[in-house]
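Let's take a walk through this one together, starting in the middle and working outwards. Have the viewer open as you read.

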Amino acid sequence: MRVTVLVRPKQGIRDPQGEAIGRSLNGLGYGVSAVHAGKIFDLDVDTDDAAEAKRIGEEAAAKVLSNDLIEGFEVIVG
Amino acid sequence: MAKVGVITFLGSLDDRDALRAVSTVGGTPVPLWHGDTDLKGVDAILLPGGFSYGDHLRCGALARFAPIMAAVADFAAAGGPVLGICNGFQILCEADLLPGILTPNHGQRFICRDVDLIVQSASPWIGNRPVGESITVPVKHGDGAWFHPQEGLAELEANGQILLRYSEDINGATDRIACITNATGNVCGLMPHPEHAVDPLLGSIDGQLLVGRLTAA
């Protein structure tokens, strides 16, 4: 079963990657006032149980995939 | 002579310089391997700089799960001296052995040059040099902006855990903080490289203060 973990920089945390991408987009004339760059992890977990899959995704996100000081995460099952 | 273990992770770069620096300050260097769980009876531990696991995910985030890190955590909890330099600092923060986290330099540039660091708190980690004195040590990093929420910073300062600040804002670190310790003072981390400043030929010997603390154990 697939679990997707989205990791985003917390509001107010400096994001140099997003800033650089934003400058490039604006250089191309897209008129973007801010870009926040995060990460996507697609986990194919060894279970068919949606609740168990969500638990694994949330534990992996909290323990490894994100750092609570600077990032928040969202877990999507299916 | 104090035995100082230097841990080589997959992607460590400065382990050999660190081993040599330990010898320079009169210690016995002991190479340690990330996959081991035995600290070989060392009196102090140094986590060197580099790009462990290719800096994938976040700097130091994967190395913190290396087999030897459980032994390092036990060693630190028992009061043993542990120094993390650059990537070693990042690993100690990710492992929650030090407060805060290292994030990308705000200027989006890799920085490689000597920096002046101002003593904030007299500590054996910097030879008990007086507050306000300056030491010179090189930096070389792209992810060196130490971040800590404003909440709790005053407590770190009051505890004397903030040892060095950059004399100028080079990377966006919170309050220009360059070097910190844990609450008990036996674990220390910094982005600058003291192991590259132990010989007059290298331009500065101020790095001997930090590496030398490990041999005083």
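**Starting from the core**

In this predicted model, the largest nonpolar core has 71 residues, and the members that touch the most others are B:Val22, B:Ile45, B:Leu92 and B:Ala178. Helix H2 of chain B supplies the largest share of this core, five residues. A second core lies apart from it, made of six residues, including A:Val5, A:Ala53, A:Leu65 and A:Val75.

Click on B:Ala178 to get a feel for the packing. Leaving out residues up to four places away in sequence, B:Ala178 touches B:Leu117, B:Leu164, B:Arg165, B:Tyr166 and B:Ala173, along with B:Leu190, B:Met191 and B:Pro192.

Now swing over to H2 of chain B, which spans residues 68-77. Which of its residues are buried? They are B:Ile68, B:Met69, B:Val72, B:Phe75 and B:Ala76. Looking down the helix axis, you'd find these buried residues within an arc of 115°, so they line one face of H2(B). The general background is handy here: an α-helix has 3.6 residues a turn, so residues three or four places apart point the same way. On the face turned away from the buried side sit B:Ala70 and B:Asp74, both exposed.

What covers the buried residues of H2(B)? The cover includes strands of chain B: S1 (3-8), S2 (28-33), S3 (44-47), S4 (82-85) and S11 (187-190). After the helix comes B:Gly79, with a positive phi near 95°.

Zoom out to chain B as a whole and you'll count five helices and eleven strands. Its radius of gyration is 15 Å, close to the 17 Å that the globule rule gives for 217 residues, so chain B is as compact as a globular protein of that length. Along the principal axes, the C-alpha atoms of chain B fill a box of roughly 40 × 35 × 35 Å. Of its 217 residues, 55% count as buried. And if you take the contacts in chain B with a separation of 6 or more, residues 24 or more positions apart account for 74% of them.

For a spot that isn't tucked away, try B:Gly152, in the loop between strand S8 (145-147) and helix H4 (153-158) of chain B. Why is B:Gly152 counted as exposed? Because it has 11 C-beta neighbours inside 10 Å, and the cut-off for exposed is 12 or fewer. The C-alpha atom of B:Gly152 is 9.7 Å from that of B:Pro99, and the two residues are 53 apart along the chain.

Chain A is next, with two helices and three strands, which run β-α-β-α-β from the N terminus on. The radius of gyration of chain A is 15 Å, well over the 12 Å that the globule rule gives for 78 residues, so chain A is more spread out than a compact globule. Its C-alpha atoms fill a box of roughly 45 × 25 × 15 Å along the principal axes. Buried residues make up 13% of chain A.

So where do the chains meet? Eleven residues of chain B are in contact with eight residues of chain A. The chain B side of that meeting has five nonpolar, five polar and one charged residues.

Lastly, the confidence scores. Chain B averages a pLDDT of 97, with 100% of the residues scoring at least 70. For the complex, the predictor gives an ipTM of 0.91 and a pTM of 0.96.

How values were computed: Residues numbered from 1 in each chain as written. Chains lettered and ligands numbered in written order. Predicted model: local features only at pLDDT ≥ 70, side-chain atom pairs only at ≥ 80, totals over all residues. Helix = DSSP H or I, 4+ residues; strand = E, 2+ residues; numbered from the N terminus. Rg over C-alpha atoms; globule rule 2.2 N^0.38 Å. Buried ≥ 20, exposed ≤ 12 C-beta atoms within 10 Å, placed from the backbone. Contact = placed C-beta atoms within 7 Å. Nonpolar A, V, L, I, M, F, W, Y, C, P; charged D, E, K, R; others polar. Arc of directions from axis to C-beta. Core = buried A, V, L, I, M, F, W, Y, C linked by C-beta atoms within 7 Å. pLDDT = per-residue confidence, 0-100.
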